[in-house]
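Please walk through this structure with me, beginning at a single side chain and its surroundings and moving outward to the chain as a whole.

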Amino acid sequence: MGLVASCSKIEENNDPIIGIWKHTVKTATNTNKMVVDDEEWIFNDVYLGRFHGYKEGKVVFLTDFKWSVDGNNYIVSYPGTDFPDDYVEMKETDKGTVLMRSEGQLFAEKQ
């Protein structure tokens, strides 16, 4: 019986969260206490991403994030920051696909 060796193949990740998600901030205070008017999350297929906070069209904050899936829930964490983790769930609406916070507020919309 021989040992079969295989090249390490990275699993292809086709998670529907991959892509760009945006949220227009209606009020000046969000959970991260940043003053931004638009937020953008870019999720990639290796469970990482980049967050951009915009003020009047200019990037005023950016940080990397990690994401994971637990059942129907996604956990977005921001290592190296004091941001709390975001717990969100994907929902289909008549306006498209959205991520909703576990508390029920809109997190972001798929672009």
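**From one phenylalanine outward**

Leaving aside the neighbours within four places in sequence, F43 is in contact with I17, I18, G19, W21, L48, F65, W67 and V76. These contacts belong to a predicted model, and they offer a convenient way into the interior of the chain.

F43 is one of the residues that touch the most other members of the largest nonpolar core, a group that also includes I17, W41, F65 and Y78. That core holds 16 residues, and at least two of its residues come from each of the strands β2 (38-43), β4 (58-70), β5 (73-77), β6 (86-93) and β8 (106-110).

Seen as a whole, the chain has eight strands and zero helices, so that its order along the sequence reads β-β-β-β-β-β-β-β. Of its 111 residues, 34% count as buried, while the chain exposes about 7500 Å², of which carbon and sulfur atoms supply 53%. Among the contacts with a separation of 6 or more, 27% are accounted for by residues 24 or more positions apart.

Charged side chains add a further set of pairings to this picture. Side chains of opposite charge can pair when their charged atoms come close. A search of the whole structure finds four salt bridges, and three of them can be followed here, beginning with the one in which the side chains of K22 and E40 meet at 3.3 Å, N to O. Because K22 lies in strand β1 (residues 19-24) and E40 in strand β2, this pair ties together parts that are 18 residues apart in sequence. The two partners can also be described by their accessibility: K22 is partly exposed, with a relative accessible area of 36%, whereas E40 is buried, with a relative accessible area of 7%.

Which parts of the chain does the salt bridge between D86 and R101 tie together? D86 lies in strand β6 and R101 in strand β7 (residues 96-101), so the pair ties together parts that are 15 residues apart in sequence. The closest N and O atoms of this salt bridge are 2.6 Å apart. D86 counts as buried at 4% relative accessibility, and R101 counts as buried at 15%, since the limit for that class is under 20% relative accessible area.

A further salt bridge joins the side chains of K91 and E89, with a distance of 3.5 Å from N to O. Here K91 counts as partly exposed at 36% relative accessibility, and E89 likewise counts as partly exposed, at 26%.

The backbone also deserves attention in two of the loops. Most residues other than glycine have a negative phi. Y47, however, has a positive phi of about 65° although it is not a glycine, and this residue is found in the loop between β2 and β3 (48-55). With a relative accessible area of 40%, Y47 is partly exposed.

E56 offers another case, since its phi is near 50°, a positive value in a residue other than glycine. The place of E56 is in the loop between β3 and β4, and at 66% relative accessibility E56 counts as exposed.

Notes:
Residues numbered from 1 in each chain as written. Predicted model: local features only at pLDDT ≥ 70, side-chain atom pairs only at ≥ 80, totals over all residues. Heavy atoms only, no water. Helix = DSSP H or I, 4+ residues; strand = E, 2+ residues; numbered from the N terminus. Buried < 20%, exposed > 50% of the residue type's maximum accessible area, 1.4 Å probe, protein only. Contact = heavy atoms within 4.5 Å. Areas by Shrake-Rupley, 256 points an atom, 1.4 Å probe, with all protein chains shown as cover. Core = buried A, V, L, I, M, F, W, Y, C linked by side-chain atoms within 4.5 Å.
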